[in-house]
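Grab a pencil and work through the exercises below. Try each task on your own before you read its solution.

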Amino acid sequence: LSVIADRFSKIGSKPEMELAFINESVISSLEYMRTSISKRVMLTINTTDESNSGVMLCQSLFEWVMENLTKNAVDAMQGEGSLTITVTDGGEMAVIDVKDSGKGIPRKNFKTVFNPGYTTKKRGWGLGLTLVKRIIEEYHGGKIYVKESEIGHGTTFRIELPRLR
């Protein structure tokens with residue numbers, strides 16, 4: 001409950017940012033998720049020394065982003081499949097791809113998935129990706145978008161965060 005309260009307390013005001021290394025932030029964000037997702041989901045994290053950029057993050061909000069994307073991916077795969085998170089060096093940006101083997105998103109919905117109320121689930125308010133977009137774009141100065149998706153084969157969300165030089 002304290003984690004949830006901390007996250008919500010940061011929404012609506014500019015959160016405190018601190019220097020973080022993206023590889024470690026991604027790995028630590030996903031360690032918790034690894035214990036709470038189905039054992040039938042193969043979770044793979046790919047990083048390199050070159051991808052370990054310094055970025056300014058609010059770690060608790062970034063963890064929320066990774067948690068939302070992971071939960072959505074597991075739901076899209078109905079608890080079985082592969083989820084691959086890859087961190088790469090995108091020049092001025094640190095790039096994180098979250099790729100699942102789920103049901104996919106129709107191209108016409110690539111932008112609307114971030115709208116409040118958009119959901120494909122029987123339960124839920126359709127606010128997860130709306131919050132994710134706000135956290136990445138408004139608070140971290142980055143971008144998030146559907147990089148690619150194919151019906152029946154999965155989806156890749158891409159996050160780009162400004163690197164410190």
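Accessible areas here come from the Shrake-Rupley method with a 1.4 Å probe, and for residues only the protein chains shown count as cover. With that rule, the protein chain exposes about 9100 Å², and carbon and sulfur atoms supply 54% of it.

Some ground rules before we start. This is a predicted model, where local features need pLDDT of at least 70 and side-chain atom pairs count only at pLDDT 80 or more, while totals for chains, interfaces and linings use all residues. Residues are numbered from 1 along each chain as its sequence is written, and side-chain values use heavy atoms, with hydrogens and water left out.

**Exercise 1. Sketch the fold**

Task: list the helices and strands in order, then work out how compact the chain is.

Solution. Start with the counting rule: helices (H or I, at least four residues) and strands (E, at least two) are DSSP runs, numbered from the N terminus. That gives 4 helices and 7 strands. Reading from the N terminus, the order is α-β-α-β-β-α-β-β-α-β-β. The radius of gyration is 15 Å, close to the 15 Å from the globule rule for 165 residues, so the chain is as compact as a globular protein of that length. (The radius is taken over C-alpha atoms, and the rule is 2.2 Å times the number of residues to the power 0.38.) Along its principal axes, the C-alpha trace spans about 40 × 35 × 30 Å.

Next, look at the inside. Buried means under 20% relative accessible area, exposed means over 50%, and partly exposed is in between (1.4 Å probe, protein chains only). Of the 165 residues, 44% count as buried. Finally, take contacts, meaning heavy atoms within 4.5 Å. Among those with a separation of 6 or more, 73% come from residues 24 or more positions apart.

**Exercise 2. Salt bridges inside helices**

Task: find salt bridges whose two partners both lie in helix 3 or both in helix 4.

Solution. A salt bridge is a side-chain nitrogen of Lys or Arg within 4 Å of a carboxyl oxygen of Asp or Glu. The whole structure has 7 of them.

- Step one: go to helix 3 (residues 59–76), where Lys 71 and Glu 67 sit 4 residues apart, about one turn of the helix. Their closest N and O atoms are 3.1 Å apart. Lys 71 is partly exposed at 42% relative accessibility, whereas Glu 67 is buried at 14%.
- Step two: move to helix 4 (residues 128–139), home to Arg 134 and Glu 138, again 4 residues apart and about one turn of the helix. This pair meets at 3.3 Å, N to O. Arg 134 is partly exposed with 32%, and Glu 138 is exposed with 53%.

**Exercise 3. A bridge across the sequence**

Task: which parts does the salt bridge between Asp 89 and Arg 163 tie together?

Solution. First check the distance: the two side chains meet at 2.6 Å, N to O. Then place the partners: Asp 89 lies in strand 4 (residues 81–90) and Arg 163 in the segment after strand 7 (154–162), so the pair ties together parts that are 74 residues apart in sequence. Now the accessibility: Asp 89 is partly exposed at 39%, while Arg 163 is buried at 17%.

Strand 4 also holds Gly 90, which is partly exposed at 38% relative accessibility. Gly 90 and Glu 160 are 70 residues apart in sequence but 8.1 Å apart in space, C-alpha to C-alpha.

For a bit extra, find Asp 97, Lys 147 and Arg 158, which are linked in a network of salt bridges.

**Exercise 4. Who touches Arg 40?**

Task: which residues is Arg 40 in contact with, leaving aside its neighbours within four places in sequence?

Solution. Begin with its place: Arg 40 lies in the loop between helix 2 (22–36) and strand 2 (41–46). At 53% relative accessibility, Arg 40 is exposed. With neighbours within four places set aside, its contacts are Gln 78, Gly 79, Glu 80 and Gly 81. Gly 81 is 41 residues from Arg 40 in sequence, yet their C-alpha atoms are 6.6 Å apart.

Last step: pick out Gln 78, in the loop between helix 3 and strand 4. Gln 78 is exposed at 70%. Its phi is near 55 degrees, a positive value in a residue other than glycine.
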